[in-house]
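These are my notebook entries on a single structure. I set down what I looked up, in the order in which I looked.

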Amino acid sequence: MTSSVERGMSDSMLGDFLAYTLAGSRPALQATQGTCANGVRWSWLDDGVLQIEPATQEEGARSVLASAGVHGDETAPIELLSRLVRDIANGNAALTCRLLVILGNVDAMRDACRYRDDDLNRLFSGRHTQVPHSHEAPRAAALEQAAIRFFAAASTEVGARWHIDMHTAIRASAFERFALLPHTGKPFSRAMFEWLGEARISAVLLHTTKGTTYSHFTAEACGAEACTLELGKVRPFGQNDLTRFSGADEALRDLLAGTSGAAHAAMPRVFTVIDQLTKQSEAFELLVAADVPNFTPFAKDTLLARDGDYRYTVRHDEERIVFPNPTVKPGLRAGLLVVETTQDTLSTLV
């Protein structure tokens with residue numbers, strides 16, 4: 001029998017998972033699992049990691065990993081996930097599939113910073129082993145294992161495994177809400193593009209090489225339909241207008257409920273990565289305005305960056321820059337260059 005103390009602890013955890021996590025609270029060993037509204041079962045697995053399952057589910061049911069806070073200062077999606085947990089727990093949001101909720105860089109969330117030592121979203125697919133003394137390395141390893149364990153019990157049917165990793169951008173964007181899809185060498189999924197349209201995502205960026213982000217890891221190692229969402233601007237906890245994130249919030253809730261309004265949504269525009277700017281040394285110069293928005297277009301022959309003998313000049317009639325950031329550590333990406341490929345991509349979806 002569950003004691004009143006244990007019920008109170010679960011009510012606190014599920015009612016405000018964000019506050020519970022930020023406080024460093026941990027349930028007692030005998031109180032790491034329980035049930036809530038509609039017979040939904042929950043299990044606290046780790047700091048900021050919560051698994052939730054419906055009382056019953058059909059064979060081949062979807063398994064969804066929903067993550068936020070991989071960058072600790074990107075607070076709006078974290079708040080959205082905490083509200084989602086609350087609404088599932090009290091019966092105000094339907095759940096027909098397995099769900100793993102992950103709040104990523106919890107220590108950075110507590111410190112109101114992006115990360116402590118290293119960008120957590122560059123440490124997956126084993127890269128954390130290259131920086132063993134980094135504060136973020138153990139968390140990257142733990143989140144990899146959390147995903148592996150979750151998807152190990154998932155259906156192997158096509159389209160049954162999903163990972164939605166939600167972020168907000170440092171700078172403004174020509175497309176306020178956009179998505180990034182990892183490169184796996186396989187055709188892109190029509191179901192994912194339709195879901196992104198339902199989430200009111202205006203643009204999709206396609207990677208053309210393997211990466212070290214969380215969504216790259218789950219796509220490659222776990223066979224998930226994975227995406228990274230950029231949903232707006234970085235703001236402190238409590239200062240977000242969550243109505244600006246309603247598209248992604250509602251689409252995620254529809255995905256979990258097994259309902260969808262995707263048939264009525266416009267498909268997003270598509271851009272494919274054709275190159276990247278790499279900061280080779282502290283002499284690196286990014287020759288664009290400090291506040292240039294993501295997806296700003298540049299004409300052929302425009303010089304965008306230089307670093308010693310290195311030069312990057314626009315080669316296509318038009319290239320757009322995404323994630324320009326000259327302050328990264330040497331050896332890391334200081335920007336992506338993309339070209340529009342909407343028609344070619346949408347015609348090849350499976």
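**Entry 1: N-terminal strands**

I began with β2, which pairs with strand β3 (residues 49-53) in the antiparallel sense over five bridges. I note at the outset that the model is predicted. Across this pairing, I found Trp 42 opposite Ile 52 in β3. I then examined the hairpin of β2 and β3, where two residues lie between the strands. Gly 48 takes a positive phi there, near 75°.

Next I turned to the other partner of β2 (residues 41-46), strand β1 (residues 33-35), and recorded three bridges in the antiparallel sense. Thr 35 has Arg 41 in β2 as its bridge partner. The hairpin of β1 and β2 has five residues between the strands, and Asn 38 takes a positive phi near 65° in it.

**Entry 2: the sheet of β11, β13 and β14**

I looked up the strand order of an open sheet of three strands and read β11-β13-β14, with antiparallel pairing. Its edge strands are β11 and β14 (310-313), each of which pairs on one side only. I then checked how strand β13 (residues 303-307) is joined to β14, and found four bridges between these antiparallel strands. In this region I also noted Ala 305, which stands opposite Tyr 312 in β14.

**Entry 3: nonpolar cores**

I asked which residues touch the most other members of the largest nonpolar core. Among its 55 residues, these are Ile 164, Trp 195, Leu 196, Leu 229 and Leu 252. Helix α3 (residues 75-89) gives the most to this core, with eight residues.

I listed the contacts of Ile 164, leaving aside residues up to four places away in sequence. Ile 164 touches Leu 65, Ala 66, Ser 67, Met 192, Trp 195, Cys 227, Leu 229, Leu 252 and Leu 255. Apart from the largest core lies another, of 20 residues, including Ile 102, Leu 123, Val 131 and Phe 151.

Phe 151 led me to helix α5 (residues 137-152), and I recorded Phe 151 among the buried residues of that helix. The others buried in α5 are Ala 137, Arg 139, Ala 140, Leu 143, Glu 144, Ala 146, Ala 147 and Phe 150. I also checked the span of α5: its 16 residues reach 23 Å from first C-alpha to last, close to the 22 Å expected at 1.5 Å a residue.

**Entry 4: aromatic pairs**

I searched the whole structure for aromatic pairs and obtained eight. I examined Phe 178 and Phe 295, an edge-to-face pair at 5.0 Å centre to centre, with 85° between the planes. Which parts does this pair tie together? Phe 178 lies in strand β7 (residues 178-181) and Phe 295 in the loop between β11 (285-286) and β12 (296-299), so the pair links parts that are 117 residues apart in sequence. Phe 178 counts as buried at 1% relative accessibility, and Phe 295 counts as buried at 0%.

I then took the rings of Phe 271 and Phe 295, whose centres are 5.3 Å apart; their planes stand at 55°, so I entered the pair as tilted. Because Phe 271 lies in strand β10 (residues 269-278) and Phe 295 in the loop between β11 and β12, this pair ties together parts that are 24 residues apart in sequence. Phe 271 also counts as buried, at 1% relative accessibility.

Finally, I recorded the cluster to which these rings belong: Phe 175, Phe 178, Phe 271, Phe 295 and Phe 323 form one aromatic cluster.

Terms used: Residues numbered from 1 in each chain as written. Predicted model: local features only at pLDDT ≥ 70, side-chain atom pairs only at ≥ 80, totals over all residues. Heavy atoms only, no water. Expected span 1.5 Å × (residues − 1). Buried < 20%, exposed > 50% of the residue type's maximum accessible area, 1.4 Å probe, protein only. Core = buried A, V, L, I, M, F, W, Y, C linked by side-chain atoms within 4.5 Å. Contact = heavy atoms within 4.5 Å. Phe/Tyr/Trp six-rings, centres within 6.5 Å; stacked < 30°, edge-to-face > 60°. Pairing = 2+ DSSP bridges.
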